[in-house]
Amino acid sequence: MSNVNIKRLVENIRSGTNSYTPLVELVVNGIQAVEQKKEGHGLVEIEVLRNGQADLTDRMEDVDGFIVRDNGIGFTQRNRDAFDTLYTDLKAQEGGKGFGRFTCLKYFERLNVVSTYETDGAVRQRTFSMGLGNDIIVDEVDTQSDSSSTGSAVEISGVKSVKFPDKGLEVISRVLVERLLPYFVDTSCPRIVIRDAGTSAPPLPLNDYLSSEASQIVELPVPDPTFTFPSTDGAKTFRVRIFKFFAPRASRSKVSLVAHRREVTENQLQNYIPEFSEEFYEPDADEGATKGRNFVIKVYVFGDYLNDNVSLERGEFRFQADSDLFNGISQSQIEQRAAEIAQSVVGDEIAARRKRKQAKIIDYVETQAPWHRTLSRETDFSALPMNPTPRDIELTLQRAKFEKEVSTRDRVSAILSADESSDLDDQVAAVVASISETSKSELIHYVSLRRCVLDLFARALEVGEDGRYRSEGDVHDIIIQRRSDSDELDFDSHNLWMLDERLNFASYVISDKPAEASSLDRTDVTIFNRPVVFRGENEASNPVTIFEFKKPQRDDFVNASSKEDPIEQIVRYVNLIRDGAVRSRAGRNINVGETTPFYGYVVCDLTPKVQKWLEYTKNFTPMADRQGWYDWRKNINLYIEVISWDKLLKDAQMRNAIFFEKLKIG
């Protein structure tokens, strides 16, 4: 008698199995029972048990279990004792782990056996159930039988927890053929059929999936089906067989690792070669390209290494999935090589798909990211999805760019740390060339972003759908974010180059906020400049630049009653700075002196009202194009300009036009 805590044992069954696993186990046991009998006309019959109310859509009841019958050797005393022994080694040579029957109770409530077997020239019948307590075999009865043949009927019923995933015989049949294909391609495989219990409809023969002229599964010839990997205990050889699955249930090509003729793991081929992500198409030989069938590829991998390392539940392997230092060969290594062989078998279609993917990459680089032209010619895009998005392409290019930069830095460090080198000149030349290409890509990217900013800015100056112009805040934010300063913004997080290229080198910038947390006036943009050749931060000789923005087409600030005179705001702010009343947000004093130069700019639309105000009230001088006016306040060292939004945009476009042309941008 056995004494096993079956409930705990079943609960401890690891992942890697599913509700099809028990059915596969019973079918395999039936095949093995037929093979043990060593007689012709072997038959394994699967009956589908149903329960509950028929679904209104497919008019089918849910699957509640299965009965698997075979005309094999039956539960002889030896087979019965093996069933009653945990981890029996009775079928060790066939890959049996002595454990598979326990997966039945993981997914079904009951397992019952009715079997006839021959002993001492007589046929006997043995019936029993699988226990749920401490005994594996319960309710056993062994009697004389009137039958003249042997065989078994094993029933599993009472689906646990969730519904069985499929209903139709066609679908269930296809899953079984996929899972047991290594058996079906063996010419000695017994006949296997499936039917609904209690119906008179003829059963579906599973073997015909491979033997009929309209077969849904076709094996492909593989010129070189074997490959070898070194391992910790010697080289291991693997063999692949590749099949087309027409009218695929799941539209993904897959690779399966097989142990003892049973599929153990299954992964998508697109994980290794993205071009396998979609179905393939085979036109009809008579009808041409107008008619045909879709198919996917299924690769089965065999080998002693897989047989020797399959888990007890046959749902996974004992070696690691990605990297296995102990065994030396990982699952991903095997699957990768199998995927490469599959690629060689359907090479023409894969090549066409890669060409289409490459066309998408080229289009993205040419139209959206021209700064990546050189880098794209050096980047490996093989891991990209078959239909990559712009984001996919950009991420791949950014990764390649980072890796190239790291490589360049490493090479520079190696050159600098080397004592002597006979080919130092060649190494330096190669590194400098690499740096030059990287810098060129950065420049193209930077100038392309400028083009986008100018286009966006031009759009912001147009009348909106509501007939109104954007506020000064909207156009302000394009140049630099409001209510911020350079202690909060990265140095390249503004577009001050639109106003003046020299402002890219500003030491400290305040945008639309007081210089310190006080009641001081605020300007739109105040910039404390430093020279390109840096002589020290916040020196009195460095210029201070102040900008004021006014909403496009707004001109009420010129009214005598207005408190928003932008010229007076700039003058007032200059005086505050000169008097030492302004500090940075971090509390730093702004150092100015008698000779500190100040530059003030007002950006607004030069309506006739504004031009009249500048000429007659402010005594400003017009520029040659009359798109700007200027004045010099000698007493406070302030040069001040009033320019139009159009002039700001036009001047920025003109300054950058040569870059756009030379770099072939837009």
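A nonpolar core is a set of buried Ala, Val, Leu, Ile, Met, Phe, Trp, Tyr and Cys residues joined through side-chain atoms within 4.5 Å. The exercises below use a predicted model.

**Exercise 1. The cores**

Task: Find which members of the largest nonpolar core touch the most other members, and which helix gives the core its largest share.

Solution.
1. The largest nonpolar core has 57 residues. Those that touch the most other members are Leu23, Ile46, Phe66, Leu111, Leu181, Ile192 and Leu206.
2. Helix 2 (residues 21-37) supplies the largest share of this core, 7 residues.
3. Another core, of 34 residues, lies apart from the largest one; among its members are Leu269, Ile297, Ile334 and Ala338.
4. Take Leu181 as an example of a contact list. With residues up to four places away in sequence not counted, Leu181 touches Leu210, Ile217, Phe243, Phe245 and Tyr300.
5. As background, nonpolar side chains in soluble globular proteins tend to be buried together.

**Exercise 2. The faces of helix 10**

Task: Determine where the buried residues of helix 10 lie around its axis.

Solution.
1. Helix 10 covers residues 347-367, which is 21 residues. From its first C-alpha to its last it reaches 30 Å, close to the 30 Å expected at 1.5 Å a residue.
2. Its buried residues are Ile350, Arg353, Lys357, Ile361, Tyr364 and Val365.
3. Viewed down the axis of helix 10, these buried residues fall within an arc of 120°, so they line one face of the helix.
4. The face turned away from the buried side carries the exposed residues Asp348, Lys355 and Thr367.
5. An α-helix has 3.6 residues a turn, so residues three or four places apart point the same way.

**Exercise 3. Salt bridges of Glu349**

Task: Name the salt-bridge partners of Glu349 and classify each residue as buried or partly exposed.

Solution.
1. The side chain of Glu349 meets that of Arg353 in a salt bridge of 3.0 Å, N to O. Both residues lie in helix 10, 4 residues apart, about one turn of the helix.
2. Glu349 also forms a salt bridge with Arg356, where the closest N and O atoms are 3.8 Å apart.
3. Buried means under 20% relative accessible area. Arg353 is at 3% relative accessibility, and therefore counts as buried.
4. Exposed means over 50%, with partly exposed in between. Glu349, with a relative accessible area of 31%, is therefore partly exposed. Arg356, at 47%, is partly exposed too.
5. The structure holds 37 salt bridges. Another of them joins Arg554 and Asp556, with the closest N and O atoms 2.6 Å apart.

**Exercise 4. A buried charge**

Task: Find the side chain of opposite charge nearest to Glu641, and decide whether Glu641 is buried or exposed.

Solution.
1. Glu641 is located in strand 23 (residues 638-643).
2. Glu641 is buried, yet has no salt bridge.
3. The nearest side chain of opposite charge is that of Lys647, 6.8 Å away. A salt bridge needs a side-chain nitrogen of Lys or Arg within 4 Å of a carboxyl oxygen of Asp or Glu, so this distance does not qualify.
4. Neighbours within four places in sequence aside, the contacts of Glu641 are Gly600, Tyr601, Val602, Met623, Trp629 and Tyr630.

**Exercise 5. A loop residue**

Task: Locate Phe75 and state whether Phe75 is buried or exposed.

Solution.
1. Phe75 sits in the loop between strand 2 (62-70) and helix 3 (77-83).
2. With a relative accessible area of 13%, Phe75 is buried.
3. Its C-alpha is separated by 6.9 Å from that of Thr116, 41 residues apart along the chain.

Note on methods:
Residues numbered from 1 in each chain as written. Predicted model: local features only at pLDDT ≥ 70, side-chain atom pairs only at ≥ 80, totals over all residues. Heavy atoms only, no water. Helix = DSSP H or I, 4+ residues; strand = E, 2+ residues; numbered from the N terminus. Expected span 1.5 Å × (residues − 1). Buried < 20%, exposed > 50% of the residue type's maximum accessible area, 1.4 Å probe, protein only. Arc of directions from axis to C-beta. Contact = heavy atoms within 4.5 Å. Lys, Arg positive; Asp, Glu negative; His and termini not counted.
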